[in-house]
Amino acid sequence: MIRAQPFAEAYLPRAELVADGIWLVRGADEPISFANGGAIANVAIIATDDGPVLFDAGVSLAHGQALAALALKVTGRPVARVIISHLHPDHALGAAAFAPQIVHSLPATRADLERDAEGFSDAMYRLLSGWMKGTALVLPQGDLGDGLVTIGGRALRLLALKGHSQGDLALLDVATGTLVAGDLVFHNRAPATPHANIAQWQAALDHLETIPHRLLMPGHGPFDRAREAIGQTRDWLAWLDASLRQSVASGLDMTEAGEVPIPPRFATLAFARYELQRSVSHFFPAIEAELLPKTAP
Amino acid sequence: MTTRLAAMIACALPTAVLAGPAAASTFPADPLDSPMWEFHAQRLFGKAHIVFDQAVRVQIPVIAENQRVFPVTVDARNLPAVERIVIFADLNPIPVAIDYTTLSSAPFIATRIKLDQRTPVRAAVLTSDGVWHLAGQWIDAAGGGCSAPPVSRVKGDWADHLGEARAAAWNQDGGQTRLRMTFRHPMDTGLVENIAAYNIERLTIRDRGGIVLGQISVNGSVAEDPAFTVMVRNDGHPIAFEATDSAGLQFAGTATAGALRMASANP
């Protein structure tokens with residue numbers, strides 16, 4: 001049983017071995033809040049002969065440091081490489097704990113962070129205050145792209161995708177068949193859409209489904225051994241898109257679109273209502289501009 | 001102007017001065033315990049009778065995901081003889097967002113407002129017996145909803161689309177027509193450096209014969225590219241509306257109830 005860390009005024013991440021040389025550090029399946037210190041994203045520790053690869057860095061300096069200490073503890077080596085899957089602060093701002101030259105991402109993610117990281121940092125300091133102490137902006141320096149790389153003797157297939165944001169990196173650990181999906185895949189936790197393009201996201205999920213894998217680590221939610229998380233994420237996105245369009249077409253305004261019934265098949269998705277209402281904010285005005293007819297006197 | 005002046009006074013004075021010793025006892029205790037309650041009660045309601053009333057439904061999301069565009073729906077159809085609906089946010093620098101004179105329309109309005117910080121968001125509903133019925137709730141919000149420049153100013157295309165109106169109408173049960181209207185407008189608050197206040201000030205809805213069905217007074221704390229949803233009497237004819245902004249420009253449109261054609265929807 002993998003459990004999220006409790007609030008203890010210090011980050012106390014726990015690592016669960018999920019495949020040979022791969023540990024999952026579970027995030028809380030909640031929105032970012034002071035109570036959880038912003039430690040809501042799943043993090044992967046992948047052992048290599050050069051030292052562990054950390055897939056996502058947490059939300060703050062202290063969080064990144066705690067993850068680094070944990071990676072050292074379970075692998076016996078200091079972190080050799082940090083991969084930032086995408087721009088969102090719960091995954092990216094913990095890069096503050098690492099030397100910039102070992103922090104790598106897709107070029108699109110670095111561009112996203114150059115634009116938004118300062119605003120994210122402000123927002124995180126507002127929500128998390130003391131948890132963010134000392135967190136300075138570290139932009140990823142190394143560029144990653146699609147293709148097979150070998151780090152410390154470990155073959156990792158990098159997948160450069162987009163849809164949850166404009167740069168979403170997933171990776172397949174070839175030896176164990178573990179797909180580390182980042183926020184392209186949510187599991188039993190409703191997907192968040194602040195920078196999403198639903199059509200691109202669906203295409204990315206289609207692509208992930210073609211990647212041979214046995215196990216999947218989602219960006220949020222429990223480890224997926226049953227091959228259900230990709231389909232669940234796709235199902236939610238399809239329903240969300242159709243629901244928002246139907247809401248505009250039937251004359252609802254934003255608050256009403258956020259209160260429509262959520263189908264029972266999504267009952268296992270934590271924070272479904274909350275994420276629906278966020279998604280209304282992200283998408284509704286654009287759908288109105290598309291569907292409501294222009295008028296003149 | 002009075003709104004803005006009051007807001008400036010509100011910003012300039014400490015709360016203790018505003019509350020004052022004399023004013024304290026004349027208003028019912030605020031269930032939201034807002035630091036600005038008595039100031040707003042005095043200014044908006046004067047000596048009128050005030051009740052906090054569950055019959056007024058103020059519908060807002062659980063999270064202010066975007067403090068520049070925060071949706072609020074007010075449904076007072078459980079109250080008889082409603083005359084006005086005022087939406088206000090206690091701690092906004094421009095507290096009152098809209099003041100809707102409902103006339104023959106159903107007491108229902110949905111719009112989007114800006115939030116400049118954590119604040120109560122409320123509706124005050126005036127019934128014909130002179131009583132104000134209030135409801136609302138606190139919402140947490142990041143700063144800057146009123147004091148950061150609008151997206152279209154940053155993007156620079158606001159003037160290219162100024163006043164573009166979209167509208168549609170749907171027949172509802174009970175002889176009502178739901179009318180939705182959106183406008184492209186920067187809705188400048190005047191609180192952003194070097195950008196003067198510039199906003200839609202009035203939205204009037206009329207039937208085919210020109211009879212006014214409802215009128216909304218609109219302030220700069222309504223969100224950029226404002227949207228309004230109202231319910232007017234259904235007489236089977238097109239409904240006309242016109243918005244007037246603070247430069248005197250008018251943006252007009254019409255809508256006829258019917259199924260919305262989805263032809264423009266992308267596959």
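Reader: In this predicted model, which residue of strand 9 of chain B does A:Thr295 stand opposite?

Author: A:Thr295 belongs to strand 13 of chain A, which spans 294-295. Strand 13 is joined by two bridges to strand 9 of chain B, residues 165-171. The residue of strand 9 that faces A:Thr295 is B:Ala165.

Reader: How do strand 13 of chain A and strand 9 of chain B run?

Author: Two bridges join these strands, and two are enough for a pair, so they count as paired. Their direction is antiparallel.

Reader: What area is buried between chain A and chain B?

Author: The contact takes in 30 residues of chain A and 38 of chain B. Carbon and sulfur atoms give 51% of the buried area. A:Thr255, A:Leu292 and A:Thr295 supply 19% of what chain A buries against chain B, more than any other three residues. The area buried between the two chains is about 2,900 Å².

Reader: How far apart are the closest N and O atoms of B:Glu65 and A:Arg278?

Author: Nine salt bridges are counted between chain A and chain B. The cut-off is 4 Å, and the pair B:Glu65 and A:Arg278 meets it with a distance of 2.7 Å.

Reader: Which element of chain A gives the most residues to the side that touches chain B?

Author: Across the interface, 22 residue pairs are in polar contact. Helix 5 (229-249), helix 6 (254-257), helix 7 (272-291) and strand 13 of chain A each supply at least two residues to the side touching chain B. That side divides into 14 nonpolar, seven polar and nine charged residues. With 11 residues, the element that gives the most is helix 7.

Definitions and conventions: Residues are numbered from 1 along each chain as its sequence is written. Chains are lettered from A and ligands numbered from 1 in the order in which they are written. This is a predicted model: local features need pLDDT of at least 70, side-chain atom pairs count only at pLDDT 80 or more; totals for chains, interfaces and linings use all residues. Side-chain values use heavy atoms; hydrogens and water are left out. Contact means heavy atoms within 4.5 Å. Buried area is the accessible area (1.4 Å probe) that two parts lose on being put together, summed over both. A salt bridge is a side-chain nitrogen of Lys or Arg within 4 Å of a carboxyl oxygen of Asp or Glu. A polar contact is a pair of N or O atoms within 3.5 Å; within protein, one must be able to donate a hydrogen and the other to accept it, and residues adjacent in sequence count only if both atoms are side-chain atoms. Helices (H or I, at least four residues) and strands (E, at least two) are DSSP runs, numbered from the N terminus. Ala, Val, Leu, Ile, Met, Phe, Trp, Tyr, Cys and Pro count as nonpolar, Asp, Glu, Lys and Arg as charged, and the others, Gly among them, as polar.
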